[in-house]
Each structure stands twice: as C-alpha cells, then as structure tokens.
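Visitor: Hello! Could you walk me through this structure, one question at a time?

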Amino acid sequence: MSKKLPKDVKPATGTSSQQQFFKDVWDVVMQVPRGRVTTYGAIAAYLGSKMSARMVGWAMNAAHTQHHVPAQRVVNRMGMLSGKAHFGTPTRMQELLEADGVTVKDDRVLNFTTLFWDPAKELEL
DNA sequence: TTACTGACGCCTT
DNA sequence: AAAGGCGCCAGTA
C-alpha cells in the first residue's frame with residue numbers, strides 16, 4: 001500500500017498485472033451470451049483502460065492457445081470481423097458467428113447495434 | 001539495443 | 001464530411 005493509484009487506473013507495468021489483464025479479458029468474453037457480440041473497446045473500457053483496446057486484441061490472440069474463448073464474438077466498434085484472419089481459415093470466424101445465430105455479411109455483423117453486448121451495461125456491477 | 005508492427009479507438013486537421 | 005495522426009502495451013525483427 002505504499003502508493004495510492006487513481007481508482008480507475010490499474011498498475012500497468014507489474015509483471016503479473018498484464019497477465020491478469022488478459023485473464024480478465026477472457027473472463028468477460030466468456031460471459032458474452034450466444035448470439036451476441038461485443039467490442040474490444042467495450043471490454044477495455046470495462047476493465048478501466050479504454051485506451052488499451054489494442055491489448056484486448058492481443059489478449060484474444062493469447063486466449064487462442066490458453067482457453068476456449070469465443071473470440072468470434074469480439075469485433076471492432078464498427079462491427080467488422082477485424083480478427084477473422086486469425087481463425088485459421090478466412091471464413092472460420094463468420095461460420096462460428098453464424099453458428100451462434102449472428103448474421104455476417106461482407107465481414108460485418110448485421111444488426112450489430114442490436115446484438116451489441118456491453119459488459120459495462122449488461123454486466124454492470 | 002532500438003524500431004516497427006499490430007484482433008482498436010478517439011481526437012485533430 | 002472524410003482522412004490522418006496519436007496513444008496504449010507487448011511481441012517480433
């Protein structure tokens with residue numbers, strides 16, 4: 001308890017902290033209901049680091065080898081399947097989303113605004 | 001060792 | 001209105 005950090009700012013550099021960030025991201029993504037989608041920024045904001053939306057993407061990449069995380073339910077703020085290239089096959093992400101009942105057209109989630117699942121709102125604590 | 005890129009998003013021009 | 005730049009953190013060259 002030596003230093004007092006701002007309430008909405010977590011210790012970024014602290015060895016295990018960054019790994020905790022990844023784990024936290026996975027936890028949120030795994031809570032995304034089937035048929036819904038969320039965004040990197042929404043997760044980052046929910047974790048208290050909205051500026052680090054990029055790191056959420058890296059967390060997903062790591063999640064691919066760690067746990068079964070429905071990364072296909074995570075898209076960018078425009079509803080585009082920006083991470084489709086990391087699903088082994090170019091169509092894997094779309095197929096997984098359609099399997100969840102989400103319609104994808106031209107690498108974009110249809111009715112994205114309606115299907116958008118915000119952890120800070122749906123999961124609001 | 002430094003520099004650049006990258007599953008993003010917001011601000012400025 | 002649209003386009004570009006900057007910031008975040010980590011991994012890789």
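Visitor: Which helix gives the most to the surface near DNA strand B?

Guide: Happy to help! This is a predicted model, where local features need pLDDT of at least 70, side-chain atom pairs count only at pLDDT 80 or more, and totals for chains, interfaces and linings use all residues. Residues are numbered from 1 along each chain as its sequence is written, chains are lettered from A and ligands numbered from 1 in the order in which they are written, and side-chain values use heavy atoms, leaving out hydrogens and water. A residue is near a strand if one of its heavy atoms lies within 4 Å of it, and helices are DSSP runs (H or I, at least four residues), numbered from the N terminus. Both α2 (40–47) and α3 (53–66) supply at least two residues, but the top contributor, with seven residues, is α3.

Visitor: Which residues come nearest to DNA strand B?

Guide: There are 16 residues around the strand. Sugar and phosphate make up 44% of the strand atoms that come within 4 Å of the protein. The nearest residues are R54, G57, W58, M60 and R77.

Visitor: What is the distance from a backbone N or O atom of R77 to a phosphate oxygen of DNA strand B?

Guide: A polar contact is a pair of N or O atoms within 3.5 Å. For G41, a polar backbone atom is 3.3 Å from a phosphate oxygen of the strand. For R77, the distance is 2.7 Å.

Visitor: Which residues of α2 are buried?

Guide: Buried means under 20% relative accessible area (1.4 Å probe, protein chains only). After α2 comes G48, with a positive phi near 100°. Within α2, the buried residues are Y40, A42, I43, A44 and L47.

Terms used: A polar contact is a pair of N or O atoms within 3.5 Å; within protein, one must be able to donate a hydrogen and the other to accept it, and residues adjacent in sequence count only if both atoms are side-chain atoms. Buried means under 20% relative accessible area, exposed over 50%, partly exposed in between (1.4 Å probe, protein chains only).
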